[in-house]
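User: Please take a close look at one sheet of this model and describe how its strands are arranged and what packs on it.

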Amino acid sequence: MSILSILEPASTTTLRPTVARLATGSIPATVGSDLLVPLADGRVTDYANFDHGASAPCLESVRASVEAALPSYASVHRGNGYASRITTQWYERARAELHAFVGARADDQVIFTRQTTDALNLLAHAVPADATVIVFESEHHAALLPWPAERTIRLAAPASQSEAVTSVADALREAPEGPRLVVVTGASNVTGEIFPIAEIAAVAKAHGARVCLDAAQLAPHRPVDIATLDVDWVALSGHKLYAPYGAGALIGRADWLDATEPYLYGGGATTAVTNDLVVWATGPARHEGGSPNVIGAIALASACAAISKHRDAIEQHERSLLARLRTGLAQIPGVTTYSIFGQEADRVGTVCFTVAGLTSTLVSAALSAEYGIGVRDGKFCAHPLVGHLLADSPEHGTAIRASLGLGTTREHVDRLVNAVRALATSGPRSEYEESAHGCQPANDPRDLQAPRIW
Ligand SMILES: Cc1ncc(COP(=O)(O)O)c(C=O)c1O
C-alpha cells in the first residue's frame, strides 16, 4: 500500500484545487507534488508546501540520477573495479558541475560537506588565527556563530542595502590589521531579501578583506556567480537545492584551507602515513576525510544542472507567485509583513508575517490542520534578526514564514491567502492545545504517525 493510499480514506471527499495548477512550462518537477494530507475535519487535500526555505522537495530528475547511479554505486578513489571507476568519475564530475554552477574561477576548489552549516564551520576552522571576521547580526545562526567571538565584529542589521555596504566599509576601516573575512548571506532566510553582495565584495576588496557568501537561500532561486560577484567562497546546501541526500559544498579559494589542519583526520585526507609521519593531502581531499557521500554529491550536481538549465523559468515562476502572495497578504487587516530593507527590496520567494491577536504557533497549526498548508513559525535560527524585526510588535515573540519554490502553485498561494484572511477575521475553527508534540486541535482526529516504510 502506498503512503498516499494510507493517507486517503476511500470514502472521503477530497478538497481538489479549484484553480488549475500553474502551467509549469519548463520548470523542473518535484517528487511528492501529489502528496495528500489529512485535515482535522476528516477530509484530505493536496499538500501546499510553503516551507521550501527550510528544505525543498527532491527534484524528479535528481531522484532519477540517484536511481541511475545506485546499481553501480561503489567506493570512490580507492577501488580498481569497474563500479569504483564509474562511481569515482561521477563524484569528480559532480565536483565539476558545482564549480560551473557557481561560476567559480579556474583555481577555486569544491569541497563536499554535509550542508551550509558544515561548510561555514569548515571555513571557520581555516580562518587564520589573527583574522578579524565581520558579520551582520541578521545572519542565520550557521553564518553568525562559527567564528571566534573575540575576533568577530557583529554589525547591526542594516536598515537599507546602502547601509549594509557602508557599515561593512566602516567596520573594515576600524578593524585591526591582518586578514579580514566578511561573511554575508545572499538572501535572508527570514524575509527573503537580497543583500548587495557585489557592492559589499567591492568594499571588502578595497580594504584587502575576503568575502564568504552564504548562498543557502540564494542559490535555489537566483544565479550565483563567484567571479562576477568577486567573492572568495560560497557555501550551499543540497537539501535546499532540491537534492535532499545529505551533501552541501564549500567552493572557493584553496590557500587558507590548504594551510590549516584537516577538518577530519582519517583515510582519504592523507598522501602518506608512517609510524612517525603523516603527510596530509592538499585540495578538497584534505578536508573530505573518510568515505564521502557520493550519492549526495551526485544528487546535488544533478539538481544544479537542472536548475541552471531552467533558471529563467524558475525565476519567472517564483516572482509571479511571490507578487501574488504579497499582494494578497497586504490586503488582510491585522497581517503585518516584516522587512529588513523596506517593502520594495528585491527578494526571493519568502514572506515573514504575523497575524494580530493570534500567536504564530496557533496560525501555523491551524494552517496545517484546517487547510493542509505547511509553513514555519518561530525565529528561524536567526534570533537576533527576528528580535530586531519584531521590536515594534510587542504582541509577538515569533513570526510565521511562508517560503515558496518549485513545488508551489497559484492555487497554493490563493489557499494560503484565503486561509490567513479567514484566520485573521474569524480565528481558527477548532480549539487548539499545546502538547509535547506541538500545537494541535483538541481531539485532533488526524493520524499523524509516520507510516512504516521499512
Ligand atoms: C541563510 C542560511 N544559511 C545557512 C543555513 C543553514 O543551512 P543548513 O541547515 O543546510 O546547514 C540556512 C538554513 O536554513 C540558511 O537559511
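Analyst: **The mixed sheet**

Seven strands, the 7 strands of an open sheet with mixed pairing, follow the order S5-S11-S10-S9-S8-S6-S7. Strand S5 (109–113) and strand S7 (152–155) are the edges; each has a single partner strand, so one side of each is left without a neighbour in the sheet. On average, neighbouring strands of this sheet are turned by 20° against each other, direction ignored.

This is a predicted model, in which local features need pLDDT of at least 70 and side-chain atom pairs count only at pLDDT 80 or more, while totals for chains, interfaces and linings use all residues. Residues are numbered from 1 along each chain as its sequence is written, and side-chain values use heavy atoms, with hydrogens and water left out.

Strands here are DSSP runs (E, at least two residues) and helices are runs of H or I of at least four, both numbered from the N terminus; two strands pair if DSSP finds at least two bridges between them.

At the S7 edge, strand S6 (residues 132–136) runs parallel to S7 and is joined to it by 4 bridges. Within this pair, Ile134 stands opposite Ile153 in S7.

Helix H4 (residues 116–126) packs on the sheet, touching S5, strand S8 (180–185), strand S9 (210–214), strand S10 (233–237) and strand S11 (248–252). Contact means heavy atoms within 4.5 Å. The direction of H4 makes about 150° with that of S10; axes are lines fitted to C-alpha atoms, for helices over the stretch in contact, and angles run from 0 to 180 degrees between N-to-C directions.
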